[in-house]
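Trainee: Before we begin, may I ask how one should read the features of a model such as this?

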Amino acid sequence: FNHWVDVQMAPPDKILGLSELYVKDPNPKKVNLGVGAYRDEEGKPWILPSVKEAERKLVVEGLEKDKEYVPILGSGPYNSAVQKFIFGHDEFGKKLIAEKRIVSAQTISGTGSLRVIAELLNKFYSVKKCYMSAPTWPNHLNVFRDAGVEPAAYPYYDLDTNSLDIENLLATLNKAEKGALILLHSSCHNPTGLDATSEQWDQILEVITKRELFPIVDMAYQGFATGDPIKDLGIVIHKMTKMHYENPEKLPSFALCQSFAKNMGLYGERTGSVFLVHESPEFISKITSQLKALVRPMYSSPPCHGSKIVEVILNDEKLYKSWLGDVAKITNRLNEVRSGLYDNLDHSLRNWDHLKRQKGMFSYTGLSKDEMLKLRSDFSIYGTDDGRFSLAGISNRNVKYVAEAVNAVVK
Ligand code: PLP
């Protein structure tokens, strides 16, 4: 007997599919520009020295006492350390912490954090529609759709001018349903690397308050825009804590989804957090209890190794400084690669100035799908069809090869 109903093949994950093609390619010059994980100058994954030292302390110095279950919403010391790290550098954030106006929960990295907030909103929020930038990280659509929230798009990137399509962005949000959800990238927008300016954020926030939208800020690349995680906290977070604190009627609540995957290199450790800010401590208690009720049947509680590493780094002054150095090192290398690519591109063929305006791990080249396919077939250079390069796959060893290949395909 067979009780399975019509199981078809699911569409493959585009980025992981690209990595498979890369692995199979025998060309010794092949380059993987798909996956958004940092690689060092030799093209190898890099365990941050600060993370190694934190692990040594856990094991050798015996800071790790057990491998017990952590509470449903994560380790208490982790949650308070991360809350202080994210909100404690901001005048209004400090007040929000002191007045217990922030729900903090440890989650299964950034994806888990987005999924938990999407599930919560689906259960308890009246408008089940979330506006996302076009383009955005493709998994955003899946996460919200699978949690029962309908994804909608707001224009973001103008491919003709390689700049922010602010006019159409504002026009779309101005027509959004009152109370709809809106997903924002705090900095290093994925995939475009293009962030709103302070003035543009003001305009966006004005529409958010006018249409009573609920902002969810996704912060997956904190540190990679300026090289400093604190400076990088994102104009939008500073603006939102201020607006919320001074005028809660304008912005009664917002959420923040945070990940240590990229800035601590804890990809596989699945360590991140979700925050929800609200003016009412009573509401905060209710949300906290509902989050527990929601997480318990999904995965019981988050893993503990990554969160212990984060705790050790954030609570040890010397190690924290060393981590800041590691983040700066990653950002410097990405920026060097970006300049190297820019310098080796043929500027008589196309204007590449937008590359210089982009921040973070990615370069949104503006190359067409056909050009990306040609890079793949003729040069074994594997980037996504939308023209995005993960700069982590480039180094001094292959930057010329990549740039010359691009020059050849755009000719
Ligand atoms: N948000 C964005 C924009 C991302 O690019 C990513 C990862 O690539 C994530 C969230 C989530 O990453 P993770 O679940 O590994 O923390």
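The dialogue below takes up the ligand shell, a pair of helices and a loop residue.

Mentor: Please keep in mind that this is a predicted model.

Trainee: Which residues come nearest to the ligand?

Mentor: One begins with the residues around the ligand and then asks which come nearest. Here the shell holds 13 residues, and Ser 109, Gly 110, Thr 111, Ala 220 and Ser 259 come nearest to the ligand. Helix 5, residues 109–124, gives the most to this shell, with three residues.

Trainee: How do the residues of the shell divide by character?

Mentor: Eight are polar, four are nonpolar and one is charged.

Trainee: How do the axes of helix 2 and helix 11 cross?

Mentor: One considers the distance between the axes together with their angle. The axes of helix 2 (residues 49–59) and helix 11 (residues 305–315) come within 9 Å and cross at roughly 100°. Angles of 65 to 115 degrees count as roughly perpendicular, so helix 2 is roughly perpendicular to helix 11. On the side of helix 2, the contact is made by Ser 50, Val 51, Ala 54, Glu 55, Lys 57 and Leu 58; helix 11 provides Lys 308, Ile 309, Val 312 and Ile 313. The residues of this contact divide into six nonpolar, three charged and one polar.

Trainee: Is Asp 346 buried, exposed or partly exposed?

Mentor: One counts the C-beta atoms around the residue: 20 or more within 10 Å make it buried, and 12 or fewer make it exposed. Asp 346 has 14 other C-beta atoms within 10 Å and is therefore partly exposed. Asp 346 lies in the loop between helix 12 (317–344) and helix 13 (353–357).

Methods. Residues numbered from 1 in each chain as written. Predicted model: local features only at pLDDT ≥ 70, side-chain atom pairs only at ≥ 80, totals over all residues. Near = placed C-beta within 6 Å. Helix = DSSP H or I, 4+ residues; strand = E, 2+ residues; numbered from the N terminus. Nonpolar A, V, L, I, M, F, W, Y, C, P; charged D, E, K, R; others polar. Axes fitted to C-alpha atoms, helices over the stretch in contact; angles between N-to-C directions. Parallel < 35°, antiparallel > 145°, perpendicular 65-115°, else oblique. Contact = placed C-beta atoms within 7 Å.
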